[in-house]
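Colleague: I am new to this structure and would be grateful for a close look at a single part of it. Please take the aromatic residues as the starting point and then place them in their surroundings.

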Amino acid sequence: MPLFLAAFAATVAIELAVLVLLAPKHDRARLALSALALNAITHPLAFAHAHELGWAPTEALVVTAETVLLALALAAQRVV
């Protein structure tokens with residue numbers, strides 16, 4: 001469990017740092033919450049199965065899953 005938490009913290013720290021550098025100021029808080037939520041969904045699955053799939057396929061699946069989930073959330077936001 002400590003390894004998972006360390007990996008999760010490192011992933012979130014890196015992604016949030018990139019987000020702060022690249023995202024417009026008015027969207028940062030919303031995007032930060034989205035990034036945290038998406039990582040909370042995908043990171044446990046990736047961590048559990050990375051040893052079976054390898055790093056590159058695992059990362060490809062995580063990026064795909066996070067992209068689809070974010071697109072669905074944005075589409076739902078437009079409908080409401």
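Modeller: Three residues, Phe 4, Phe 8 and Phe 47, form one aromatic cluster. The model is a predicted one, and the values that follow are computed from it.

A search of the whole structure finds two aromatic pairs. In one of them, the rings of Phe 4 and Phe 8 have centres 6.1 Å apart and planes at 15°, so this pair counts as stacked, the cut-off for stacking being planes under 30 degrees apart. Phe 4 and Phe 8 both belong to helix 1, where they stand four residues apart, and therefore about one helical turn separates them. Phe 4 has a relative accessibility of 16% and so counts as buried, given that buried means under 20% relative accessible area. Phe 8, with a relative accessible area of 19%, is buried too.

The other pair joins Phe 4 to Phe 47 and is edge-to-face, with 5.3 Å from centre to centre and 75° between the planes. Here Phe 4 comes from helix 1 and Phe 47 from helix 2, so the pair ties together parts that lie 43 residues apart in sequence. Phe 47 has a relative accessible area of 37% and is therefore partly exposed. Phe 4 thus takes part in the stacked pair with Phe 8 and in the edge-to-face pair with Phe 47.

Next come the surroundings of the cluster. His 43 lies in helix 2. Leaving aside residues up to four places away in sequence, His 43 touches Phe 4, Ala 7, Phe 8 and Thr 11. Two members of the aromatic cluster, Phe 4 and Phe 8, are therefore among the contacts of His 43. At 11% relative accessibility, His 43 is counted as buried.

Ala 7, which His 43 touches, also has a distance to Ala 50 on record here: the two are 43 residues apart in sequence and 12 Å apart in space, from C-alpha to C-alpha. Ala 50 is part of helix 2. With a relative accessible area of 28%, Ala 50 is partly exposed.

His 43 leads on to the largest pocket, which holds about 240 Å³ of space. Its lining has 15 residues, and those closest to the centre are Thr 11, His 43, Ala 46, Glu 59 and Val 62. Thr 11 and His 43, which touch each other, are both among these central residues. Helix 1 (2-22), helix 2 (28-53) and helix 3 (55-79) each supply at least two residues of this lining. Sorted by class, the lining has seven nonpolar, five polar and three charged residues.

The second largest pocket has a volume of about 180 Å³. Its lining includes Glu 15 and Leu 19, as well as Leu 38, Asn 39, Glu 66 and Leu 70. Again helix 1, helix 2 and helix 3 each give at least two residues, and helix 2 gives the most, with five. By class, there are six nonpolar, three polar and two charged residues in the lining of this second pocket.

A contact of another kind also deserves attention. The structure holds one salt bridge, in which the side chains of Asp 27 and Arg 30 meet at 3.3 Å, N to O. Asp 27 is buried, with a relative accessible area of 19%, whereas Arg 30 counts as partly exposed at 36% relative accessibility.

Finally, the frame that holds these details can be described. The protein has three helices and zero strands, and along the sequence it follows the pattern α-α-α. The C-alpha trace spans about 40 × 25 × 20 Å along its principal axes. Of the 80 residues in the protein, 19% are buried; Phe 4, Phe 8, His 43 and Asp 27 are among the buried residues. Among contacts between residues at least 6 apart in sequence, 62% join residues at least 24 apart. The edge-to-face pair of Phe 4 and Phe 47 links parts of helix 1 and helix 2 that are 43 residues apart in sequence.

How values were computed
Residues are numbered from 1 along each chain as its sequence is written. This is a predicted model: local features need pLDDT of at least 70, side-chain atom pairs count only at pLDDT 80 or more; totals for chains, interfaces and linings use all residues. Side-chain values use heavy atoms; hydrogens and water are left out. On a 1 Å grid over the protein atoms alone, a cavity is a set of points where a 1.4 Å probe fits but cannot get out, and a pocket is an open set with protein on both sides within 12 Å along at least five of seven lines; lining residues have an atom within 4 Å of a point. Grid points are joined across faces, edges and corners, and a volume is the space filled by probe spheres set on the points. Ala, Val, Leu, Ile, Met, Phe, Trp, Tyr, Cys and Pro count as nonpolar, Asp, Glu, Lys and Arg as charged, and the others, Gly among them, as polar. Rings of Phe, Tyr and Trp (its six-membered ring) pair if their centres lie within 6.5 Å; planes under 30 degrees apart count as stacked, over 60 as edge-to-face and the rest as tilted. Buried means under 20% relative accessible area, exposed over 50%, partly exposed in between (1.4 Å probe, protein chains only). Contact means heavy atoms within 4.5 Å. A salt bridge is a side-chain nitrogen of Lys or Arg within 4 Å of a carboxyl oxygen of Asp or Glu.
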